[in-house]
Amino acid sequence: MAHGGEVVRYRTFAELAPPGTVTAETIETARRAAEESKVAQAIIKKQKDTGLWGGNLLGTSPSAAQGIKDIGTIPQYRRLVQLGVPTGNRAFKLADRLLFRLLSRDDDPALLHEYQKGAKGDEGYTIWARNLIREGATTALAEAGQVEDPRVRGAAHRVASEVSEFLRSPLADKPFVRSGAVTILNPEARPPTWYCVAMVASMPNLQRERAGFRDRLVHYLSSPPPKKAYALAIGKKKVKPAHLMLGDPIEADGKGTPKDLPLALHFIELLARLGGLAQSPSATRVLNRLLRDVDQHGVWSPKGLRSLPKPVNRISYHIFPLDAESKAPEWKQVDVTFRLALIARLAGWTLDYV
């Protein structure tokens, strides 16, 4: 707390502090400070009146091939949620109009945004892009608390049904086929995406209603992923499987040190929200390794830490880091410390407050 910025301070008060230890007035003051923080305002100011960020929907980094010059709408929306910006903020209201339209069956080509050029004249690619965009929009709205909106629930159940059918099928064990000299995902396969997993993790009622699906999903995500490289055959094109999860996504060495710490923390938190953390050997090993570097005050303090851990996969953009960069040496410890405490609370562990 002493070294955390506005966002970490607010989320600590709101999500980690024992009930009754922080007054409502203190929490509200911290919330306003998080909303007005430099990191949140920098994102809000980039939004257009159309609700868009970056002129695209799903981009987490610039891409010359797709004409993406900045981070897109859905990652920025999800990041504002993580930064503690209230959903009554104008930025959410503008984006909600667009996101709910994306959930509809509106077939306006302009709604494809960065996928519009590739979808032209390619029905298979068009359907794939629309479904991916719709899934991303559903996830963003669910994370923003719109879990009981019938449009969000309907879209979420459609995704859950498709993935559940895949998990029950033989394709879950043998998802690949050959296409010439290339290994591709079977066109009939519908594995979970990062969006799907985050969506289910954000919807406790859906988890209760579809407990069997949740259990199958957790089991699948706890299994080793295939080692072979593959592509997606989408319409007339081959597409990189950037959003798919074919098993456990964590890469770690024998000691449990993850190659991509932000991604590992993101995945471990999702498992904790799904109630499946204990079922994942990889996530448990990495978490235990991280906890060994927590000092007596509960601060993550690994030896030789020189800089903030950097992401390899930008899928964790919206969650890490929460604090704006600081010259204080403690800055590089704050985000990991907060995530570890949050994961512990979500897992039902008893926290000691010092």
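A crossing of two helices is called left-handed if the near helix is turned anticlockwise from the far one by less than a right angle. In this predicted model, helix 7 passes helix 9 in just such a left-handed crossing.

**Helix packing**

Two packed helices are described by the angle between their axes and the distance between the axes. For helix 7 and helix 9, the latter spanning residues 194-201, the angle is about 30 degrees and the axes are 9 Å apart. Because angles under 35 degrees count as roughly parallel, helix 7 and helix 9 are therefore roughly parallel to each other.

**The largest pocket**

Helix 7 also takes part in the largest pocket, where it gives the most to the lining, with eight residues. The space in this pocket comes to about 1400 Å³, and 49 residues line it, with Tyr 115, Trp 128, Leu 132, Val 239 and His 243 lying nearest its centre. The elements that contribute two or more residues to this lining are helix 6 (116-119), helix 7 (123-143), helix 8 (150-167), strand 3 (232-234) and strand 4 (237-239). By residue class, the lining of the largest pocket divides into 23 nonpolar, 13 polar and 13 charged residues.

**Enclosed cavities**

How many cavities of 30 Å³ or more does a search of the whole structure find? The search finds two, and they are set out below.

| Cavity | Volume | Main contributor to lining | Classes of lining residues |
|---|---|---|---|
| Largest cavity | about 70 Å³ | helix 7, three residues | four nonpolar, one polar, four charged |
| Second largest cavity | about 60 Å³ | helix 4, three residues | five nonpolar, two polar, one charged |

The lining of the largest cavity is made up of Arg 101, Leu 102, Ser 104, Asp 106, Leu 111, Leu 112, Arg 130, Ile 133 and Arg 134, and both helix 5 and helix 7 supply at least two residues of it. Helix 7 thus appears in the linings of the largest pocket and of the largest cavity. The second largest cavity is lined by Thr 60, Ile 74, Pro 75, Arg 78, Tyr 195, Ile 315, Tyr 317 and His 318, and the largest share of that lining comes from helix 4, which covers residues 73-82.

**The hairpin of strands 1 and 2**

Strand 1 (residues 176-179) and strand 2 (residues 182-185) run antiparallel and are joined by four bridges. Across this pair, Phe 176 stands opposite Leu 185, while Val 177 stands opposite Ile 184. In a regular strand the side chains alternate between the two faces of the sheet. The two strands form a hairpin with two residues between them, and in the turn Gly 180 has a positive phi of about 70 degrees.

**Backbone features in loops**

A positive phi is also found at His 113, a residue other than glycine, where the value is near 50 degrees. His 113 belongs to the loop that runs between helix 5 (90-103) and helix 6.

Which form, cis or trans, does the peptide bond from Phe 320 to Pro 321 take? The bond is cis, with omega near -5 degrees, and Pro 321 has its place in the loop between helix 13 (281-291) and helix 14 (331-346).

How values were computed:
Residues are numbered from 1 along each chain as its sequence is written. This is a predicted model: local features need pLDDT of at least 70, side-chain atom pairs count only at pLDDT 80 or more; totals for chains, interfaces and linings use all residues. Side-chain values use heavy atoms; hydrogens and water are left out. Two strands pair if DSSP finds at least two bridges between them. On a 1 Å grid over the protein atoms alone, a cavity is a set of points where a 1.4 Å probe fits but cannot get out, and a pocket is an open set with protein on both sides within 12 Å along at least five of seven lines; lining residues have an atom within 4 Å of a point. Grid points are joined across faces, edges and corners, and a volume is the space filled by probe spheres set on the points. Ala, Val, Leu, Ile, Met, Phe, Trp, Tyr, Cys and Pro count as nonpolar, Asp, Glu, Lys and Arg as charged, and the others, Gly among them, as polar. Axes are lines fitted to C-alpha atoms, for helices over the stretch in contact, and angles run from 0 to 180 degrees between N-to-C directions. Angles under 35 degrees count as roughly parallel, over 145 as roughly antiparallel, 65 to 115 as roughly perpendicular and the rest as oblique.
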